[in-house]
Amino acid sequence: MRKPDPTVEILSTGRYLPDCVVTNDDLAKRMDTSDEWIRTRTGIAERRIAPDGVNTAHMGANAGRAAMEKAGVEPGEVDAIILCTSTPDHWMPSTACEVQALLGCTNAYAFDVMAACAGYLYALSVAEGLLMANRAEVALVVASEKMSTIVDWNDRATCVLFGDGAGATVLRKANGSGRGMLSNVLRSDGNLSELLCRPAGGAAEPITQAVLDGSRHLVRMEGREVFKNAVRNMSEACDLALKKAGMTIDDVDLLVPHQANIRIIEAMAKYAGLPLEKVFINVSKYGNMSSASVPVALDEAQEEGLLAPGTNLLTVAFGAGLTWGASVIRW
Ligand code: UT7
């Protein structure tokens with residue numbers, strides 16, 4: 001099979017993590033859990049929690065600004081801002097428009113994409129389409145999540161898993177250097193939406209006192225089922241993305257997976273036959289930051305010198321929807 005030409009190139013990455021670190025021991029003082037349980041079941045040691053007043057848009061704008069500065073892109077040069085989040089600051093308008101205002105990207109159109117933890121890969125794909133269709137020359141993809149505002153702090157099975165943070169990337173059409181996105185696979189299964197959701201608080205069941213009393217506006221998850229689906233679907237997406245890129249797992253220099261649970265990451269790596277030295281893992285520091293996990297990991301991997309030009313990167317994510325996807329990018 002002929003290898004595809006790269007479509008779009010990631011010019012730069014950026015991240016923002018709130019300062020406040022909450023350890024497992026901090027949580028154990030507030031609820032019936034332990035550092036030992038959280039570490040062995042998830043690999044998480046601590047997470048960041050954004051204070052009141054530091055909202056999804058602020059975190060996203062900080063990550064976006066960091067990425068733009070690295071790329072040497074001025075605010076007026078950004079044509080499109082695509083923001084993914086499960087925690088929009090408002091239901092109307094989009095958080096992307098708030099980020100646009102904060103960054104001063106006055107020439108950009110801005111909109112949100114909602115695909116939960118897989119949101120970054122969905123947003124990348126939307127940006128790829130816009131750039132390839134000449135609807136933009138420079139696109140900013142932002143993933144920002146204030147998960148601490150939507151988890152149920154009385155449900156120890158979910159609240160210990162998540163954290164707050166934001167990541168961003170600047171993209172443009174590939175310029176023939178051989179660098180860029182080689183494949184992108186996206187999948188959804190709405191039949192399994194109830195495995196991970198916020199049952200109420202939207203148009204189907206607006207907020208009422210009964211909703212609040214029953215915490216039906218907060219995240220609920222069938223952990224074991226989500227776990228099984230995550231391993232299976234992410235593994236299949238990786239296989240497909242590699243096939244579309246004309247590669248095998250042996251060609252992969254670095255896997256940057258969604259950071260939900262170390263056991264999911266290890267199971268995927270084992271299935272793929274990829275040694276863990278080739279897998280970027282930072283779940284212990286941040287927990288699951290939903291769509292922000294992958295771009296924050298990319299930014300850290302880049303900083304650590306793991307994403308040199310020419311590196312074959314495989315990235316994969318999975319989340320509520322269900323939604324999942326994988327992408328092969330020559331860095
Ligand atoms: O990013 C979106 C995708 N999300 C994910 O990928 C998450 C996928 N799921 C998971 O990562 C895992 O299923 C969890 C980490 C959520 C849970 O791990 P598990 O091994 O599936 O545990 P479990 O839910 O089956 O619970 C085992 C036990 C239960 O006690 P019993 O019934 O065996 O007595 C729970 O009540 O652990 C108990 N438990 C806890 N104990 C201490 C649940 N949460 C806690 C806790 N601390 N925080």
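The paragraphs below lead through this predicted model, beginning with an open sheet and ending at the ligand and its surroundings.

Five strands make up the open sheet, arranged in the order 1-7-6-4-5 with mixed pairing. Strand 1 (8-16) and strand 5 (109-113) are the edge strands, each of them pairing on one side only, and from one strand to the next the twist averages 20°. Within this order, strand 4 (residues 80-84) and strand 6 (residues 139-146) pair in the parallel sense, a pairing that extends over five bridges, and here Ala80 stands opposite Ala139 in strand 6.

Turning to the ligand, 23 residues lie around it, of which Thr33, Arg41, Arg224, Asn261 and Asn288 come nearest. Several side chains offer polar atoms to the ligand: that of Thr33 places one 2.7 Å from a nitrogen atom of the ligand, whereas the polar side-chain atoms of Arg263 and Asn288 lie 3.1 Å and 2.6 Å, respectively, from an oxygen atom of the ligand. Taken alone, the ligand exposes 960 Å², and the protein buries 75% of that area.

The elements that contribute two or more residues to the shell around the ligand are helix 2 (35-42), helix 6 (156-159), helix 8 (223-244) and helix 9 (262-272), and helix 8 gives the most, with four residues. Sorted by class, this shell has twelve nonpolar, six polar and five charged residues. Both domains take part in the shell, since at least three of its residues are drawn from each of domain 1 (8-177) and domain 2 (181-330).

Notes. Residues numbered from 1 in each chain as written. Predicted model: local features only at pLDDT ≥ 70, side-chain atom pairs only at ≥ 80, totals over all residues. Heavy atoms only, no water. Near = heavy atom within 4 Å. Polar contact = N/O pair within 3.5 Å; in protein donor to acceptor, adjacent residues only side chain to side chain. Areas by Shrake-Rupley, 256 points an atom, 1.4 Å probe, with all protein chains shown as cover. Nonpolar A, V, L, I, M, F, W, Y, C, P; charged D, E, K, R; others polar. Domains from an automatic or database assignment. Pairing = 2+ DSSP bridges. Axes fitted to C-alpha atoms, helices over the stretch in contact; angles between N-to-C directions.
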